[in-house]
Amino acid sequence: MMEKGNSGFSETGLRRLREVLARHVESGKIPGLVALVSRGGETHVEAVGTMRHDGGTPMRRDTIFRMASTSKPVAMAAAMVLLDECRLRLDDVVDPWLPELADRQVLKRIDGPLDDTVPARRPITVRDLLTSTFGLGMDMTALGAPIMGAIFERGLTPDLPEPMPEPDEWMRRLGTLPLMYQPGERWQYQISHDVLSVLVARVTGQSFETFLRERIFDPLGMKDTAFHVPADKIDRLPTLYAPDPQTGEFIVWDEAAGGRWSKPPAFQGSGGGLVSTVDDYHAYFRMLLNGGMHGSERILSRPAVELMTTNRLTPEQNAARNALATNNVHLSFGQGQHGGWGMGMAVRTYRGDYAPIGQFGWDGGSGTSTYADPDNQLTGILLTQVGMSVPDPARLIHDFWTTLYQAIDD
């Protein structure tokens, strides 16, 4: 147990953390960042640099960031509420709510033509969606295959120039595709999370955002977390850059005013649609560390939190996921090499760096990183506005976690 007044971080360690973060900003590669670290009862926040790469407004603690894939661990809570209330069951077939996914065909080979298929061995279940194993996903090893081309052509992923269509049309387009793998067979990234957004909305009869707001955001006091930034807060949203991989030139991917997040989207996607702040995300991850409790209020049951934050993959699925991470380390800049996956987030199943086994959370392509560590009762949140088109934000993220862990003092 920690003594009173001891945060469990050393002064020297926190000073090094601040210096390392500042060094990344001074390099000119990261315009600005906001970082939050907390352990026990103590929280430290660093806001460094500016909202634009050419200067201007300084970063502040309440700066709102596009959370990208760090939306996944937070949005997953909506589905867990429905499990807690028995409005969904893990092994329910999804067909009654998602008839577009009934009677699937499955590709004979991942790179084969879209009509060279066999029938699915069984229907898709809620569990398949929650664990990202329903049979479709973003597979960077299959780029160039007809199925990946079809996913992009139909506008089924969030990072294309055209935003995703409204949920019913999105599901209709998804339903025209075969699966890449049999249901439950293989872990695959991204698409299952957006299907879950539709599932939650159809089960509850509310928009996905409304249900999240009523059951997760409002009870946790997450007042700046949403699927868009209203006009009266837009000055708190920085420009998002996706630098040119060849030259490093800062290319604007999304402006704040008039940009993608300045108005409500047609599709409220749990795969990558949220905006938030360090304090909002801290409230959420602290709730997970507290086994579902926020103060005296229960947000999720302890078993729901345990399901989300512990590994759900079989050894075979984990082997494939590890191979994906380590064989494509030059593409991911080292992100995602954690071993396991729970529900909506990575879970460390082996120790490959400073963080221990059991740490859970995820990173986002917009230069965000959010994890909690039950062993050390520690949360770290690092938010930037530089996309992972270049290695700089990933290097910053690695250095953030190294310096956070070297600052532990007990």
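Trainee: How many bridges join β14 to strand β15 (residues 368-373)?

Mentor: This is a predicted model, in which local features need pLDDT of at least 70 and side-chain atom pairs count only at pLDDT 80 or more, while totals for chains, interfaces and linings use all residues. Residues are numbered from 1 along each chain as its sequence is written, and side-chain values use heavy atoms, with hydrogens and water left out. Strands are DSSP runs of E with at least two residues, and helices are runs of H or I with at least four, both numbered from the N terminus; two strands pair if DSSP finds at least two bridges between them. Strands β14 and β15 run antiparallel, with Trp-362 opposite Thr-370 in β15, and the number of bridges joining the two strands is 5.

Trainee: Which residue takes a positive phi in the hairpin of β14 and β15?

Mentor: The hairpin has 3 residues between its strands. The positive phi lies near 85°, and the residue that takes it is Gly-367.

Trainee: Which residue in β14 does Ala-346 stand opposite?

Mentor: Strand β13 (residues 346-348) pairs with β14 in the antiparallel sense, over 2 bridges. Within β14, the residue opposite Ala-346 is Gly-361.

Trainee: Are the faces of β14 covered or uncovered?

Mentor: In a regular strand the side chains alternate between the two faces of the sheet. Buried here means under 20% relative accessible area, exposed over 50% and partly exposed in between, with a 1.4 Å probe and protein chains only. In β14 (residues 360-364), 5 of the 5 residues are buried. Phe-360, Trp-362 and Gly-364 lie on one side and Gly-361 and Asp-363 on the other, so that both faces are covered.

Trainee: Is Ala-304 buried or exposed, and what is its relative accessible area?

Mentor: Ala-304 has its place in helix α9 (residues 302-309). Leaving aside neighbours within four places in sequence, Ala-304 is in contact (heavy atoms within 4.5 Å) with Met-80 and Asp-84. Ala-304 is buried, and its relative accessible area is 5%.

Trainee: What is the radius of gyration of the protein?

Mentor: There are 12 helices and 16 strands in the protein. The globule rule, 2.2 Å times the number of residues to the power 0.38, gives 22 Å for 410 residues, and the value for the protein is close to this, so the protein is as compact as a globular protein of that length. Taken over C-alpha atoms, the radius of gyration is 20 Å.
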